[in-house]
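Me: I would like to go through the labels put on this structure and ask what each one rests on. Please set each value against its cut-off.

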Amino acid sequence: MRQLGQSIVTTQTAEVGEMKGRLERWYPRSPAPSPRETTMPDLSGLSGDQLDQTFLRHMIPHHMMAIMMSQQLLMHGEAQHAEVAGFARKVRDDQWAEVRTMRRYLAQWFGEQNPPCFPAGPGMPGMTPGPPGPD
């Protein structure tokens with residue numbers, strides 16, 4: 001769990017920096033976006049299994065939002081810069097793999113078979129959910 005959590009923090013910090021850099025280069029006169037509230041609750045009072053389970057149950061919907069936004073951009077061809085489409089594909093694919101891992105952890109460790117915000121149907125257009133993936 002620590003390795004997964006650290007990987008998420010490292011990756012998402014780099015992604016935010018990349019997006020901010022592109023905004024500044026491509027749209028220097030645009031006002032900086034204001035930060036929104038996080039979808040993650042304060043977990044500082046939790047530990048052990050309660051921390052792990054709560055983290056996983058909240059990180060899955062957080063990732064699903066990024067996956068859906070990325071897929072939406074790609075499906076509608078809305079990216080004006082090729083780098084944005086590539087970035088969206090990478091975010092979608094990387095976070096989809098992490099969602100599969102987090103779902104597997106919830107199933108193995110806590111017996112949860114239907115984590116929050118997971119598509120119930122055959123999956124998102126252009127994506128195949130498949131069985132939980134390897135670590």
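Reply: What follows takes the labels one by one, for a model that is predicted.

Me: What makes up the chain, in order from the N terminus?
Reply: The elements run α-α-α. The chain has 3 helices and 0 strands. The helices are DSSP runs of H or I with at least four residues. α1 covers 2-26, α2 covers 48-75 and α3 covers 82-110.

Me: How do you know that the length of α1 agrees with what is expected of a helix?
Reply: The expected span is 1.5 Å times one less than the number of residues. For the 25 residues of α1 this gives 36 Å, and the end C-alpha atoms are 36 Å apart, so the two agree. In α2, with 28 residues, the first and last C-alpha are 40 Å apart, close to the expected 40 Å. After α2 comes G77, with a positive phi near 55°.

Me: Why is Y105 called buried, and what is W109 called?
Reply: Buried means under 20% relative accessible area, and exposed means over 50%. Y105 has 13%, which is under the limit, so Y105 is buried. W109 has 41%, which lies between the two limits, so W109 counts as partly exposed.

Me: What makes the rings of Y105 and W109 a stacked pair?
Reply: Two rings pair if their centres lie within 6.5 Å, and planes under 30 degrees apart count as stacked. For Y105 and W109 the centres are 4.3 Å apart and the planes differ by 10°, so both conditions are met and the pair is stacked. Both residues lie in helix α3, 4 residues apart, about one turn of the helix.

Me: Why is the pair of W109 and F110 called edge-to-face?
Reply: That label needs planes over 60 degrees apart. The ring centres of W109 and F110 are 6.4 Å apart, within the 6.5 Å limit, and their planes stand at 85°, so the pair is edge-to-face. The count of aromatic pairs comes to 2. Y105, W109 and F110 form one aromatic cluster.

Me: Which residues have the most contacts inside the largest nonpolar core, and which helices supply it?
Reply: The core has 15 residues, and F55, L56 and M102 have the most contacts inside it. α1, α2 and α3 each supply at least two of its residues. The largest share, 6 residues, comes from α2. Membership requires burial and side-chain atoms within 4.5 Å.

Me: What is F55 in contact with, beyond its neighbours within four places in sequence?
Reply: F55 is in contact with M1, G5, I8, M40 and L43. Among these partners, G5 and I8 are buried residues of α1. F55 is itself buried in α2, as are L56, M59 and I60, among others.

Me: What covers the buried residues of α2, and what do those of α1 pack against?
Reply: The cover on α2 includes α1 and α3. The buried residues of α1, including L4 and Q12, pack against α2 and α3.

Me: How many of the chain's contacts are between residues far apart in sequence, and what share of residues is buried?
Reply: Residues 24 or more positions apart account for 72% of the contacts with a separation of 6 or more. Of the 135 residues, 30% count as buried. The accessible surface is about 9000 Å², and 55% of it belongs to carbon and sulfur atoms.

Technical notes: Residues numbered from 1 in each chain as written. Predicted model: local features only at pLDDT ≥ 70, side-chain atom pairs only at ≥ 80, totals over all residues. Heavy atoms only, no water. Buried < 20%, exposed > 50% of the residue type's maximum accessible area, 1.4 Å probe, protein only. Contact = heavy atoms within 4.5 Å. Phe/Tyr/Trp six-rings, centres within 6.5 Å; stacked < 30°, edge-to-face > 60°. Areas by Shrake-Rupley, 256 points an atom, 1.4 Å probe, with all protein chains shown as cover.
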